[in-house]
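This briefing is meant to be read with the sequence and the structure side by side. It takes up ring contacts, a surface patch and some annotated positions in turn.

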Amino acid sequence: MKRVYHFHEGDGTMKALLGGKGAGLAEMTRAGLPVPPGFTITTEACREYFAAGGVLAPDLLAEVDAAIADLEARTGKRFGDPANPLLVSVRSGAPISMPGMMDTILNLGLNDAVADGLARLTGDARFAYDAYRRFIQMFANVVLGLEHARFEAIIEDEKRRRGVETDPELPAEAWQAVIREFLALVEKETKRPFPTEPREQLLLAIRAVFDSWNNPRAIVYRKLHKIPDTLGTAVNVQMMVFGNMGDTSGTGVAFTRNPSTGENVLYGEFLLNAQGEDVVAGIRTPQPIAALREVMPEVYAEFERIARRLEAHYRDMQDIEFTIEKGKLYLLQTRNGKRTARAAVKIAVDMVKEGLIDEREALRRITPEMIDQLLHRRIDPNAPRTVLARGLPASPGAATGIVVFDADEAEARGKRGEAVILVRPETTPDDIHGLAVAQGVITSRGGMTSHAAVVARGMGKPAIVGAEGLKIDLEAETFRAGDVVVKKGDVISMDGATGEILLGAVALVEPEPDPEFETLLGWADRFRRLGVRANADTPEDAARARAFGAQGIGLCRTEHMFMAADRLPAVREMILAETPEERAAALEKIRPMQEEDFYGIFKAMAPYPVTVRLLDPPLHEFLPKYEELLLEVDRLARDPQADPARLQEKQALLRKVRALKEENPMLGLRGCRLGILYPEVYAMQAEAIFRAAFRLRQEGVPANVEIMIPLVGHANELARLREVVDAAYRKVAEAFGAEMPYLVGTMIEVPRAALTADEIGRVADFFSFGTNDLTQTTLGVSRDDAEGKFLHVYVEEKILPDNPFVTLDTGGVGKLVEMGLRLGREANERLKVGVCGEHGGDARSIRFFHGAGLDYVSASPYRVPLARLAAAQAAIEAEDAAREEKAAGAGSSGM
């Protein structure tokens, strides 16, 4: 196995083997660009190193020795020769870019004799000893594990002694004094002299770079960006060129386009008389790259030509590292540059217009997360921040406001124009009015699909859930985070994209979708096969979803309508009713209000379909909490001044709450079971739906109605409740003297529904997979408890590849989706099938739904653009895979 490749032996297609940096150096070398010669040790050698327990293979050592000999022959310099020394840099280079996460060592090959020889050879003692101290400092930090700051302290002391402000002002003899102190520090801390033999230095450096693949920051970066831990890093050994050889030398980093805005101009910075780490370390203030035109016009013109050539070659914005040594330009790296979401969209669209890439490639380059960022406010990346605690980043966006702990107070203060952040242990439907006006919500319990998370995403508000580091005291109206106590009325900020809770007001950046954003989504709509609908419960949500490109509503939850202050008393009256007649009287008070709800939603979304889910949650959610009610009854009973009628009312309510109390309410009396026990509830809702639709049709607005029966597990449940819906339709149609088409279907959210989908499909016009509950019932976990208690451990320990409530568990829940789809369509070939769980807004889940053959996905309004893009990417990937498979088949048949 070949473990070492000279730059001229590789090319840009070999990223997996040579890493991104090595492949880029190889490609530039092949193109004849000014790249200092060198070689790359492969990622396979890295994996071999770890498999051997951190030992460099003898075969690898022999190949490295041979590569160094070849480098000496090419350059005319010799490793460790004071008369004409070869110095090298040793850099990491992963197959997937991980900028700044792993380690680099410059100027390797120096020792006392070589540094003296370099001073004589160049006639620049200051340069030689500056390079030597840099090498000792980097090597001691990266290889020997000594803190960088300890060496900086020595330099600061020397600058104070000599009365200078900056490193370049220190003369050669000052650097010699610093070097002596550096070497003494290393020997004191490591109990052995600093390594002086260049080969030993090189092998230790190679090991250190391999080891840096598993340093803490690299591990965290891979986890955040879902980069596999098994890839390993390559090591690039390259002849040093020096930017610190006076004012005709320098170093810099530049992008071929502005990485913040996407503007097509060279963007970057450089330093004269410096080495690469000076630019990123912040020790000196760099100059903008445009200033290089004034200082070295010929070098700038050459760099500009090369930058455009590299961008045209790679067909992407490039991040280029360069060094100028005595007026000669050298390229040390090129790679696809990191960029903001805004810049990514502009660059992709502009490159299509410039003919560099096509629309398919432009769509591939934009991640769904970028779309998400563009639609929400975010924390200013340059703003200082004090992090109090962290939770799960449940809904993106950022907010600043005063802390409130009660939904009623949030509503009252919000309506007065105050910016509030609602902080609760958890939220329930009772809190919806507070959530509606709050800037954001934070809970100490719950998971990514908890009530707070789902509702906040639907409203486009930031949410942080499961922040267990917050100790909330509702009675005292405070929360504690470590040693900090935050009181009601104190100002905090929150970052829903990272889960960070911040002390005080932090500067925010408003979303700024550009025209290129709409252009890109227009392309996505041309390529995607999946329809994209929205989960929306109000006319405002429906209008917002439509503005984001939704083609209908896949889930309209009616329970949120029941929680409005003007109808909650009637809802409770209905629940407390003892007879069907009493219940019907209470429902008749609610029906006109429901009718107006549906009228507004159908009108906002016409002519697209609206899927209305009939009442789903258990009735106890509309009543006061049992424990709170018990305390209130006890207080009233002890108070001799209490109103007896009020006490009787609360006692009756307590009896009803006790009667409805369940050990496991999410698996109890809810959904279709509620409709079967109290059919008048579903009859009222169906009548309100049809009356709203007929009214709109009389006005010439084409309402498009789909009615969803929740939690069906048996075909008989759907058949029974379909009769209720059909009867309501006949009653309303007769009253209006007209007819209209409508669909009745169900949400597939329990395993039995998927397993018997053929039977249910004979009764249903459509299926909508409710993957939130289907995941809970398939995995046998409560999502709120699991996400707060153990799921993060399962993901970190790789017991599960992903949080199954964020990305669909394709191996388990996905099989039920595929089975339900197949059985349902076998029984009913006209069956429409979609998904309305939170997975409808997750890119990887959407890829699965495309492959499974669903008709549409439904997501919260602010995730509709993300779903449009992800659906297009899924279609493009499927087409590409089919084309490759066809080509492979043609090739094999040709044999």
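Which residue lies over the face of Y599, and at what distance from the ring centre? In this predicted model, the residue over that face is R695, which lies at 4.3 Å from the centre of the ring. The points below set this contact beside the others, grouped by topic.

**Charges over rings**

- Besides the placement of R695 over the face of Y599, there is a lysine example, in which the charged end of K328 sits over the ring of Y330 at 5.2 Å from its centre.

**Aromatic pairs**

- With ring centres required to lie within 6.5 Å of each other, the count comes to 19 aromatic pairs.
- One of these pairs is formed by F135 and F194, whose arrangement is edge-to-face, with 5.7 Å from centre to centre and 90 degrees between the planes.
- This pair links distant parts of the chain, since F135 belongs to helix 5 (residues 125-142) while F194 is in the loop between helix 7 (172-190) and helix 8 (198-211), 59 residues apart.
- As for their surroundings, F135 and F194 are each buried.
- Another pair, formed by F303 and F322, is tilted, with 4.7 Å from centre to centre and an angle of 45 degrees between the planes.
- Because F303 lies in helix 12 (residues 297-314) and F322 in strand 9 (residues 318-325), the pair ties together parts that are 19 residues apart in sequence, and both F303 and F322 are buried.
- Ring pairs also join F690, F694, Y729, F736 and Y742 into a cluster.

**A nonpolar surface patch**

- F790, V793, Y794 and I799 make a nonpolar patch of about 330 Å² on the surface.
- Within this patch, Y794 has its place in helix 33 (residues 791-796).
- Y794 counts as partly exposed because its relative accessibility is 33%, a value that falls between the limits of 20% for buried and 50% for exposed.

**Annotated positions**

- The unreviewed UniProt entry places the feature "binding site" at R557, R613, E749, G770, T771, N772 and D773, and such an annotation may be inferred rather than shown by experiment.
- Among these positions, R613 is found in strand 26 (residues 609-613).
- Is R613 buried or exposed? R613 counts as buried because its relative accessibility is 7%, and the term buried applies under 20%.

How values were computed: Residues are numbered from 1 along each chain as its sequence is written. This is a predicted model: local features need pLDDT of at least 70, side-chain atom pairs count only at pLDDT 80 or more; totals for chains, interfaces and linings use all residues. Side-chain values use heavy atoms; hydrogens and water are left out. Patches are made of residues with over 30% relative accessible area and no salt bridge: like charges are joined within 9 Å, nonpolar side chains (Val, Leu, Ile, Met, Phe, Trp, Tyr) within 5 Å. Accessible areas come from the Shrake-Rupley method with a 1.4 Å probe; for residues, only the protein chains shown count as cover. A salt bridge is a side-chain nitrogen of Lys or Arg within 4 Å of a carboxyl oxygen of Asp or Glu. Helices (H or I, at least four residues) and strands (E, at least two) are DSSP runs, numbered from the N terminus. Buried means under 20% relative accessible area, exposed over 50%, partly exposed in between (1.4 Å probe, protein chains only). Rings of Phe, Tyr and Trp (its six-membered ring) pair if their centres lie within 6.5 Å; planes under 30 degrees apart count as stacked, over 60 as edge-to-face and the rest as tilted. A charge sits over a ring if NZ of Lys or CZ of Arg is within 6 Å of the ring centre and within 35 degrees of the ring normal.
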